[in-house]
Amino acid sequence: MDATKMTTRNPRQPTGLLALWQSGAILLLAVISGLLSNQWRPDRLPLMARHAPENPSGQAAEDGLRISVEEAQGLFFARAALFVDTRPREFYELGHIQDARSLPLEDFDKRFKAVLGDVGPDMFIVTYCDGESCHSSKLVALELLEKGCMNVHVLENGWTLWQQQHLPVAVGPGPETHDNTAAY
Amino acid sequence: MRLLLGGVFVWASTYKILHPAAFAGVIANYQLLPDAWVNGFAVTLPWLELLLGSFLIFGIWLPGAVVLSNLLLVVFSGALLFNVARGLDIHCGCFTSDAMGNPKTTWYLVRNAALITVAACLLFKVVIRKRA
């Protein structure tokens, strides 16, 4: 069923029309293959998921949370803050701020205690993601405030800025998480 | 030419098929699609690349595969250019979902331009010249 055979079978069919229906058929095949393979894989991706909500709640609160990369750098070198990476886990493993812990927005409820169970409510926490309009760092920061964390800050566009400043980074799964059920 | 373009598409699809969540992150970073569409694209787009690549390599449904390859490459480059124009410095996510290092946007655009040239030559050979 190659192109030559197709053309031989339909000698009068214009190439444009042929290309059109073939494109449609390839698109359809791709959608079916993608959906079926996703359905059967163990790490199935939900077809509807939250990535970057357009209207994150608490805009006013967010404005007071932002810190500059210089401030974040100061906290980092003074070992005065815990950095929390809110990007998807895969991105974290590809590279993250040194000693940062991974707490993606979509896993917040499930992983909060395991990731931050050993951290006191007065600890300085800096959340970050990547891209200037990435909202997950702000949303995680707001969730942390709700959980009782008192010193939460957001480093906007954190991952890009951190790398631009050539600050310490690490690759891989990162530090072990702490499954402490006595979280505040 | 079709083997080259097909090989590139197959190569580009493999990492994305293996790591759909990371690829969804890349698509979301482009900030072009509604949130609800991101994961759907992340699971189907790599398969489109794989099918296109295989069809180009094995010469199956060539007119359709060539037209679609051209369209896809133009859309990819358009998305990159659009984000450059609005000052968003993002990783291409064309072959991996690796977000390490600073995005090499100029390189991404040059590479896409080269691929579009190859795809356009194929379009001329397979579709336009045949019509004439």
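This text walks through a predicted model, from the sheet of chain A to the cores and the helices of chain B.

Start with chain A. It holds eight helices and six strands. Read from the N terminus, the elements run α-α-α-α-β-α-β-β-α-β-α-β-α-β. Of the 184 residues in chain A, 34% count as buried. Take the contacts in chain A with a separation of 6 or more: residues 24 or more positions apart account for 73% of them.

Now look at the sheet. Four strands of chain A form an open sheet in the order β3-β1-β4-β5, with parallel pairing. Its edge strands are β3 and β5 of chain A, each of which pairs on one side only.

Take β1(A), residues 81–85. Is this strand enclosed or open? Five of its five residues are buried, so the rest of the structure largely encloses β1(A). In a regular strand the side chains alternate between the two faces of the sheet. In β1(A), both faces are covered. A:A81, A:F83 and A:D85 are buried on one side. A:L82 and A:V84 are buried on the other.

The partners of β1(A) come next. Strand β3(A), residues 101–102, pairs with β1(A) in the parallel sense over two bridges. There, A:V84 has A:R101 as its bridge partner. Five bridges join β1(A) to β4(A), and these strands also run parallel. Within that pairing, A:L82 has A:I125 as its bridge partner. A:D85 stands opposite A:Y128.

Move on to β4(A), residues 124–128. Four of its five residues are buried, so this strand too is largely enclosed by the rest of the structure. Five bridges join β4(A) to β5(A), residues 151–155, and the two run parallel. Here A:Y128 stands opposite A:L155. A:Y128 therefore has A:D85 facing it in β1(A) and A:L155 facing it in β5(A).A helix lies across this sheet. Helix α7(A), residues 136–146, crosses β1, β4 and β5 of chain A. It runs at about 175° to β5(A).

Next, the nonpolar cores. In soluble globular proteins, nonpolar side chains tend to be buried together. The largest nonpolar core here has 41 residues. Which of them touch the most other members? They are A:I26, B:L51, B:L52 and B:A65. Several elements each supply at least two residues of this core: α2 and α5 of chain A, together with α1, α2, α3, α4 (62–85) and α5 of chain B. The largest share, 11 residues, comes from α3(B). Chain A contributes from two domains, with at least three core residues from each of domain 1 (3–40) and domain 2 (61–170).

B:L52 gives a close view of this core. Residues up to four places away in sequence are set aside. B:L52 then touches A:I26, B:F9, B:A65, B:L68 and B:S69. A second, separate core has 30 residues. Among them are A:A72, A:I97, A:L105 and A:V140.

Now turn to helix α2(B), residues 20–30. How many of its 11 residues are buried? The count is 10, and the helix is mostly covered. The buried residues are B:P20, B:A21, B:A22, B:F23, B:A24, B:G25, B:V26, B:I27, B:A28 and B:N29. What covers them? The cover includes elements of both chains. From chain A come α2 (15–40) and α5 (89–94). From chain B come α1 (2–18) and α3 (35–58). Just after α2(B), B:Q31 takes a positive phi of about 55°.

Finish with B:L115. This residue is found in helix α5(B), residues 105–131. Why does B:L115 count as buried? Burial takes 20 or more other C-beta atoms within 10 Å, and B:L115 counts as buried because it has 22 C-beta neighbours inside that distance. Leave aside its neighbours within four places in sequence, and B:L115 is in contact with B:L5, B:V8 and B:L73. B:L115 and B:L4 are 111 residues apart in sequence. In space, their C-alpha atoms are 9.3 Å apart.

Definitions and conventions:
Residues numbered from 1 in each chain as written. Chains lettered and ligands numbered in written order. Predicted model: local features only at pLDDT ≥ 70, side-chain atom pairs only at ≥ 80, totals over all residues. Buried ≥ 20, exposed ≤ 12 C-beta atoms within 10 Å, placed from the backbone. Contact = placed C-beta atoms within 7 Å. Pairing = 2+ DSSP bridges. Axes fitted to C-alpha atoms, helices over the stretch in contact; angles between N-to-C directions. Core = buried A, V, L, I, M, F, W, Y, C linked by C-beta atoms within 7 Å. Domains from an automatic or database assignment.
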